[in-house]
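Hi,

Here is the structure I promised to pass on. Have a look at it first, and my notes on what turned up are just below.

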Amino acid sequence: MERTLSIIKPDGVEKKLIGEIIRRFEAAGIRIAAMKMLRLTKAEAEGFYAVHRGKPFFESLTDFMSSGPIVVMVLEGEDVIRKNRELMGATNYKEAKPGTIRADFASDIEKNIVHGSDAPETARTEIAYFFSEMDIC
């Protein structure tokens, strides 16, 4: 059983897509093992995206991610990292396949509705940023 982190970004929350995104996960056989809504401070967003510090998009990304509430989830299932990334679609929503979350709802390369871990090691680090083991059912 694999785990991954999923974030519904501020634009997804603002567009009232929480239920639709969860529906898509569940329809794909993905189990939600933990979930909470929160609002990151700028410092917390910088901590989460520290791997991107120094890149041209770091400031705008962390400003955006601290601009409104987000929903963070631990997703669980067989091959869940790959499944979640397929459901999300390409980071650049213009390149995302039709029917993916980003193709259907994103409006910008940063404001692309969702975030998902890209590898098991990343997933472990990202999950631990938001959840303790006691939080995960």
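One term before the rest: when I say that one part covers or packs against another, I mean contact, that is, heavy atoms within 4.5 Å. Also keep in mind that this is a predicted model.

Let me start with helix H4, since that is where the term comes in. H4 spans residues 58-65, and its buried residues are Phe58, Leu61, Thr62, Phe64 and Met65. Looking down the H4 axis, these buried residues fall within an arc of 160°, so they line one face of the helix. What lies over them? The cover for the buried residues of H4 includes strand S1, helix H1 (10-14), helix H3 and strand S3.

Helix H5 (80-88) can be read in a similar way. Its buried residues are Val80, Ile81, Asn84 and Met88. Down the axis of H5 they sit within an arc of 100°, so they too line one face of their helix. Their packing partners are S1 (2-8), helix H2 (18-27), S3 (70-77), helix H6 (101-105), strand S4 and helix H7.

Now to the residue you will probably want to click on. UniProt's unreviewed entry has an "active site" annotation on His115, and such annotations may be inferred rather than shown by experiment. His115 belongs to strand S4, residues 114-116. Is His115 buried or exposed? Its relative accessibility is 12%, and because the cut-off for buried is under 20%, His115 counts as buried. Setting aside neighbours within four places in sequence, His115 is in contact with Leu5, Ser6, Ile7, Lys9, Phe48, Tyr49, Met88, Arg102 and Glu126. Met88 is also one of the buried residues of H5.

His115 turns up again in the largest pocket, which has a volume of about 570 Å³. The lining comes to 25 residues, and those nearest the pocket centre are Tyr49, His52, Phe57, Leu61 and His115. Leu61 is one of the buried residues of H4 mentioned above. Which elements supply at least two residues each to this lining? They are H3 (42-48), H5, S4 and H7 (120-130), and H7 gives the most, with 4 residues. Sorted by class, the lining has 10 nonpolar, 9 polar and 6 charged residues.

A few backbone details are worth a look too. Most residues other than glycine have a negative phi. Two go the other way here:

- Asp79 has a positive phi of about 55°. It is in the loop between S3 and H5, and at 36% relative accessibility Asp79 counts as partly exposed.
- Ile113 has a positive phi near 75°. It is in the loop between H6 and S4, and at 0% relative accessibility Ile113 counts as buried.

There is a glycine case as well: Gly89, just after H5, takes a positive phi of about 90°.

Finally, for the overall picture, the same unreviewed UniProt entry annotates residues 1-137 as "domain: Nucleoside diphosphate kinase-like". Over that stretch the chain is 40% helix and 19% strand, and the end C-alpha atoms are 13 Å apart.

Cheers

Technical notes
Residues are numbered from 1 along each chain as its sequence is written. This is a predicted model: local features need pLDDT of at least 70, side-chain atom pairs count only at pLDDT 80 or more; totals for chains, interfaces and linings use all residues. Side-chain values use heavy atoms; hydrogens and water are left out. Buried means under 20% relative accessible area, exposed over 50%, partly exposed in between (1.4 Å probe, protein chains only). On a 1 Å grid over the protein atoms alone, a cavity is a set of points where a 1.4 Å probe fits but cannot get out, and a pocket is an open set with protein on both sides within 12 Å along at least five of seven lines; lining residues have an atom within 4 Å of a point. Grid points are joined across faces, edges and corners, and a volume is the space filled by probe spheres set on the points. Ala, Val, Leu, Ile, Met, Phe, Trp, Tyr, Cys and Pro count as nonpolar, Asp, Glu, Lys and Arg as charged, and the others, Gly among them, as polar. The arc is that of the directions from the helix axis to the C-beta atoms.
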